[in-house]
Amino acid sequence: MIPKDAHQPVPEFDETAQDALMDAFIEAIIVMDENGRIERFNQAAVDMFGMTAEEAIGGDVSALMPEPDHGKHAGYIDRYLSTRKPHIIGIGREVTARKKDGTLFPVHLAVGEVGWQGTVRFIGMIRDLTDDKLAEERRLRQHTDMITASRLTTMGEMAAAMAHEINQPLAAIANYASAAERLLEAGPENIDDVQSALARIKAQSHRAGDIIRKLRSFVRPDSASLIAADLKATIEEISALAELDARANNISLKIEIAEHMPGIVADGLQIQQVILNLLRNGIDAMIDTEPANRSLELHGYVSGADEVRIDVIDQGHGISDDVAANLFTPFYTTKPGGMGMGLAISQTIVKSHGGTLGFENNPGGGTTFYVTLPTKVT
Ligand SMILES: Nc1ncnc2c1ncn2[C@@H]1O[C@H](COP(=O)(O)OP(=O)(O)OP(=O)(O)O)[C@@H](O)[C@H]1O
Ligand SMILES: [Mg+2]
């Protein structure tokens, strides 16, 4: 620490001090006379242009600018001196600069004018934009990737669907496991129930395994997954799972499927995913519905000469116009924990089966989502 009252001679701010000051700048600083002849060249300029100060000083600044700036540079200065209209001088802009070895690189160049004792000098401040340009390029490339990704192919959507659907058996497994835990805690006499919970866990893990195997078949799509299917049986296979979900939310679930339904040609697992998605959305929509009115219904029936239809009817909050406009957009969700893939995926699945997926708000409140599927392959 220097004592405040110490009278020390202030050293003269000579050329060495000026050089030191200039070298402290991160930006390249070049001082030139009114003809563009370089007088000073700081350390950052040395690093940026790959030439020593000695090599630069005395040379023309235009050596650092390729065509078209090269050659025009003297013109910039003349024009500025005669018009005082800033072009580069006084404002700064992006130009291309040239290193000693000829490499071109983007820079931001600002030129200031210094008048001193009847002379005019210019100070060029130059910032290397190479990294900025690279970052911009990277951003652009990412953006392009995103656009490509948003045009989700059926295959890509299916892969996402599979990942999404794996959550369902996993959730069921967790439910059954905690049930088994509780049963065991209650006493050894429940061993039979525990065994049945374990059997369900096993079945659900097989289901998860099936889904994962599906992933592979989507990478190499094969029409073998489309088989003659019984819609009633297909839906009944998942009814226990749906009921578990409904009961956990105090919702009564009623499944009614007409007898003697014509067969469909379908990937049963995918149709199950669609139905589970619709049921789960219906359940979610009824969180705020009075418990007495919480009912979810599934109706399966013949709806045309070559068509079957499944209605999933809830008593939930319904769908506003805003939500309706985005419903099938991937990743659109109004739920805190939602992924927003359920309907996008379901629609892809249904379309790939030649069917339709739609919805209508019920007159008495709630929403009906419907799926139609062709009973004949066209
Ligand atoms: N039966 C319904 N009643 C009211 N709104 C619904 C219903 N089904 C879907 N929605 C609305 O559509 C949105 C998108 O549904 P989607 O199933 O695609 O995604 P999500 O359920 O939010 O999330 P996830 O895909 O993880 O299930 C939901 O967030 C919800 O706002
Ligand atoms: Mg959903």
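Which element gives the most to the lining of the largest pocket? This tour of a predicted model begins with that matter and then moves on to the ligand, a second pocket and the cavities.

**Stop 1: the largest pocket**

Please select α9, residues 268–285. This helix is the answer to the opening question, for α9 supplies seven residues to the lining of the largest pocket, the most of any element. Next, add α6, α11 (342–352) and β12 (367–374) to the selection; like α9, each of these gives at least two residues to that lining.

To find the middle of the pocket, display Arg-280, Asn-281, Asp-284, Thr-333 and Lys-335, which lie nearest its centre among the 37 residues of the lining. The volume of this pocket is about 930 Å³. If the lining is coloured by residue class, 15 residues appear as nonpolar, 16 as polar and six as charged. Now colour by domain: domain 2 (152–221) and domain 3 (225–378) each contribute at least three residues to the lining of the largest pocket.

**Stop 2: ligand 1**

Select ligand 1 and show its surroundings. Which residues come nearest to ligand 1? They are Asn-281, Thr-333, Thr-334, Lys-335 and Gly-342, out of 21 residues around the ligand. Of these, Asn-281, Thr-333 and Lys-335 have already been displayed, as they also lie nearest the centre of the largest pocket.

Three distances may be followed here. Begin with the side chain of Asn-281, where an N or O atom is 2.8 Å from an oxygen atom of ligand 1. Proceed to Gly-342, whose backbone has a polar atom 2.5 Å from an oxygen atom of the ligand. Then select Leu-343; a polar atom of its backbone is 2.8 Å from an oxygen atom of ligand 1. Is the ligand mostly buried or exposed? Taken alone, ligand 1 exposes 590 Å², and the protein buries 94% of that area.

**Stop 3: the second largest pocket**

Move now to the second largest pocket, which holds about 480 Å³ of space. Select Gln-18, Met-22, Val-31, Arg-40 and Ile-123, the closest to its centre of the 17 residues that line it. Then highlight α1 (15–23) together with the strands β1 (28–33), β2 (38–41), β4 (104–116) and β5 (119–128), each of which gives two or more residues to this lining. By class, the lining of the second largest pocket comprises ten nonpolar, three polar and four charged residues.

**Stop 4: the largest cavity**

How many cavities of 30 Å³ or more does a search of the whole structure find? The search finds two, and the largest cavity contains about 40 Å³ of space. To see its lining, select Gln-168, Ala-171, Ala-172, Asn-175, Leu-241, Leu-244, Asp-245 and Arg-280. Two elements, α6 (154–186) and α8 (231–248), give two or more residues to this lining, and α6 gives the most, with four.

Colouring by class shows four nonpolar, two polar and two charged residues around the largest cavity. Domain 2 (152–221) and domain 3 (225–378) each provide at least three residues of its lining. The tour may end at Arg-280, which lines the largest cavity and also lies among the residues nearest the centre of the largest pocket.

Key. Residues numbered from 1 in each chain as written. Chains lettered and ligands numbered in written order. Predicted model: local features only at pLDDT ≥ 70, side-chain atom pairs only at ≥ 80, totals over all residues. Heavy atoms only, no water. 1 Å grid on protein atoms, 1.4 Å probe; cavity = no way out; pocket = protein on both sides within 12 Å on 5 of 7 lines; lining within 4 Å. Points joined across faces, edges and corners; volume = space filled by probe spheres on them. Nonpolar A, V, L, I, M, F, W, Y, C, P; charged D, E, K, R; others polar. Domains from an automatic or database assignment. Near = heavy atom within 4 Å. Polar contact = N/O pair within 3.5 Å; in protein donor to acceptor, adjacent residues only side chain to side chain. Areas by Shrake-Rupley, 256 points an atom, 1.4 Å probe, with all protein chains shown as cover.
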